[in-house]
Amino acid sequence: MKTVLVVEDGHAEQQLISSLLSRSGFDVVLQSNAEDAWKWLSSHTPPNLIVLDVIMPGQSGLDLCRTIRDQDQLKQVPIVFCTSKDQDFDRFWALRQGGNAYLTKPFAPKQLLETVYQHVS
């Protein structure tokens, strides 16, 4: 079973993403902030994909993405940003930091699943 780490501080968004992915056969790990996500990543087998919010309390999703890309064991894990930031520059900057895809909220469930399937190994 493929594992997806979802790093999202919004409870409703967490539940929506988790439900969609779980019903599609993924094992989902939820974390509410970048610091907890990093602790999890540092002590577990790398997930097959990470869904990452940009704006969270504490460290941002962009900061976590850069940290992940600096680690040899994690640098190949696809990162899908899922955020309310909808400006072209936000998308450009997130992808430049190492993201593989960028979705803006609200997103269609089909859009999230297609993006995950496109990038999951």
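**Strand β1 and the helix packing**

At 16% relative accessibility, T3 counts as buried, the cut-off for that label being under 20%. The model here is a predicted one. T3 sits in strand β1, and once its neighbours within four places in sequence are set aside, T3 still touches D27, V29, W40, P47, N48 and L49.

Strand β1, spanning 3–7, also turns up in the surroundings of helix α3, as part of what covers the buried residues of that helix. Those buried residues are G61, L62, L64, C65, I68 and R69. They take up an arc of only 160 degrees around the axis, so they end up on the same side of α3. The general helix pattern is handy to keep in mind at this point: an α-helix has 3.6 residues a turn, so residues three or four places apart point the same way. Besides β1, the cover over the buried residues of α3 includes α2, β3 (49–52), β4 (79–83) and α4 (88–96).

The packing of α2 on α3 can be described in a bit more detail. Helix α2 covers residues 34–43 and helix α3 residues 61–69, and the two pack at an angle of about 20 degrees with their axes 10 Å apart. Since angles under 35 degrees count as roughly parallel, that is the label for α2 and α3. The crossing of α2 past α3 is right-handed. On the α2 side, the residues involved are A34, A37, W38 and L41, and they meet L64, T67 and I68 of α3. Sorted by class, this contact has six nonpolar residues, one polar and no charged ones. L64 and I68 are thus on both lists: they belong to the buried residues of α3 and to the contact with α2.

A second helix pair, α1 (residues 11–23) with α5, packs at an angle of about 60 degrees, and here the axes are 11 Å apart. That angle makes α1 oblique to α5. This crossing, too, is right-handed. I17, L20 and L21 of α1 make the contact with P109, L112, L113 and V116 of α5. By class, the contact of α1 with α5 comes out as seven nonpolar, no polar and no charged residues.

Helix α5 runs over residues 109–119 and also holds E114. E114 has a relative accessible area of 46%, so it goes down as partly exposed. As for distance, the C-alpha atoms of E114 and G25 are separated by 14 Å, with the two residues 89 apart along the chain.

Definitions and conventions: Residues numbered from 1 in each chain as written. Predicted model: local features only at pLDDT ≥ 70, side-chain atom pairs only at ≥ 80, totals over all residues. Heavy atoms only, no water. Helix = DSSP H or I, 4+ residues; strand = E, 2+ residues; numbered from the N terminus. Buried < 20%, exposed > 50% of the residue type's maximum accessible area, 1.4 Å probe, protein only. Axes fitted to C-alpha atoms, helices over the stretch in contact; angles between N-to-C directions. Parallel < 35°, antiparallel > 145°, perpendicular 65-115°, else oblique. Left-handed = near helix turned anticlockwise from the far one by under 90°. Contact = heavy atoms within 4.5 Å. Nonpolar A, V, L, I, M, F, W, Y, C, P; charged D, E, K, R; others polar. Arc of directions from axis to C-beta.
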